Amino acid sequence: MDNEATDRDEAEWQHCLTPQQFHVLRQHGTERPGSSPLNAEQRDGTFVCAGCGQKLFTSTTKFESGTGWPSFWTPIDGAVKTTTDRSLFMTRTEVHCSACQGHLGHMFEDGPKPTGLRYCMNGTAMRFEPDPTD
Ligand SMILES: [Zn+2]
């Protein structure tokens, strides 16, 4: 984990992220569905936080939700935290990176087994690191 990333101020974040990453991670934005190349990512590997590089999800927990956002049924232990988001007149569970607090997406309780959870993530908020191949 990159400790320097966790205590950047907003101006520093704006400097080191793309405008779209800044919008999603730091301003609770949501990318357009279907816009992230990570939607179609099917290789084995790890999805990491675009802000600080913390490992968030593994490819083995990714599933096709049909929503247009990369979806997972469980995060890596301790990688994300959730808070209750009451904006837009709905109560949703917001998911953020436990290291840099960057906003990643939302969690819903209509996912597949074994957890029944659906972590609906913005691909913009993540980077994919494929497993090394021989
Ligand atoms: Zn992070």
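This report describes two sheets, a zinc site and a few individual residues in a predicted model.

## The three-stranded sheet

Three strands, in the order β2-β1-β9, make up an open sheet whose pairing is antiparallel. The strands at the edges are β2, covering residues 55–58, and β9, covering residues 126–130; each has a single partner strand, so one side of each is left without a neighbour in the sheet. From one strand to the next, the twist averages 30°.

Within this sheet, strand β1, which spans residues 45–49, is joined to β2 by three bridges, and the two strands run antiparallel. Val48 belongs to this pairing and stands opposite Lys55 in β2. As general background, the strands of a sheet pair through backbone hydrogen bonds, in either a parallel or an antiparallel sense.

## The six-stranded sheet

A second open sheet is formed by six strands in the order β3-β4-β8-β7-β6-β5, and here too the pairing is antiparallel. Its edge strands are β3 (62–63) and β5 (80–85), each of which pairs on one side only.

Starting from the β3 edge, β3 and β4 pair in the antiparallel sense over two bridges, with Phe63 standing opposite Ser71 in β4. Strand β4, made of residues 71–72, is in turn joined to β8 by two bridges, and this pair runs antiparallel. Ser71 takes part here as well, since its bridge partner in β8 is Cys120, so that Ser71 faces Phe63 in one pairing and Cys120 in the other.

## Strands β8 and β7

Strand β8, residues 118–121, is covered on both faces: Arg118 and Cys120 on one side, and Tyr119 and Met121 on the other, are all buried. Four bridges join β8 to strand β7 (residues 103–108), and the two strands run antiparallel. Along this pairing, His106 stands opposite Cys120, while the bridge partner of Phe108 in β8 is Arg118. Strand β7 is itself mostly covered, with five of its six residues buried.

Phe108 lies in strand β7 and is partly exposed, because its relative accessible area of 25% falls above the 20% limit for buried residues and below the 50% limit for exposed ones. Leaving aside residues up to four places away in sequence, Phe108 touches Arg92, Gly116, Leu117, Arg118 and Cys120. Arg118 is thus both a contact and the bridge partner of Phe108. Phe108 and Trp73 are 35 residues apart in sequence, and their C-alpha atoms are 9.6 Å apart in space.

## The β6–β7 hairpin and the zinc site

Strand β6, residues 92–97, is joined to β7 by four bridges in an antiparallel arrangement, and one of the facing pairs is His96 opposite His103 in β7. The hairpin of β6 and β7 has five residues between its strands, and among them Gln101 takes a positive phi near 65°.

Four cysteines supply the protein donors of the zinc ion through their SG atoms, namely Cys49, Cys52, Cys97 and Cys100, which lie 2.3 to 2.4 Å from the ion. The angles among the four donor atoms run from 102 to 114°, and the site is tetrahedral. For comparison, the ideal angle for four tetrahedral donors at a metal is 109.5 degrees. The donor residues follow the spacing C-x2-C-x44-C-x2-C in sequence. Of these donor residues, Cys97 and Cys100 are buried.

## Gly51 and Gln21

Gly51 sits in the loop between β1 and β2 and counts as buried, because its relative accessibility of 12% is under the 20% limit. Gly51 and Glu10 are separated by 41 residues in sequence, while the distance between their C-alpha atoms is 12 Å.

Gln21 is part of helix α3, which covers residues 19–27, and it is buried, with a relative accessible area of 16%. A polar atom of the Gln21 side chain lies 3.0 Å from the backbone nitrogen of Thr18. When residues up to four places away in sequence are not counted, Gln21 touches Arg26, Ala50 and Thr124.

Note on methods:
Residues are numbered from 1 along each chain as its sequence is written. This is a predicted model: local features need pLDDT of at least 70, side-chain atom pairs count only at pLDDT 80 or more; totals for chains, interfaces and linings use all residues. Side-chain values use heavy atoms; hydrogens and water are left out. Two strands pair if DSSP finds at least two bridges between them. Axes are lines fitted to C-alpha atoms, for helices over the stretch in contact, and angles run from 0 to 180 degrees between N-to-C directions. Buried means under 20% relative accessible area, exposed over 50%, partly exposed in between (1.4 Å probe, protein chains only). Donors are N, O and S atoms within 2.8 Å of the metal (3.2 Å for Na, K and Ca); water is not among the atoms, so sites may look incomplete. Four donors count as tetrahedral if all angles lie between 85 and 135 degrees; four count as square planar and six as octahedral if opposite donors are over 155 degrees apart and all others between 65 and 115; anything else is irregular. A polar contact is a pair of N or O atoms within 3.5 Å; within protein, one must be able to donate a hydrogen and the other to accept it, and residues adjacent in sequence count only if both atoms are side-chain atoms. Contact means heavy atoms within 4.5 Å.
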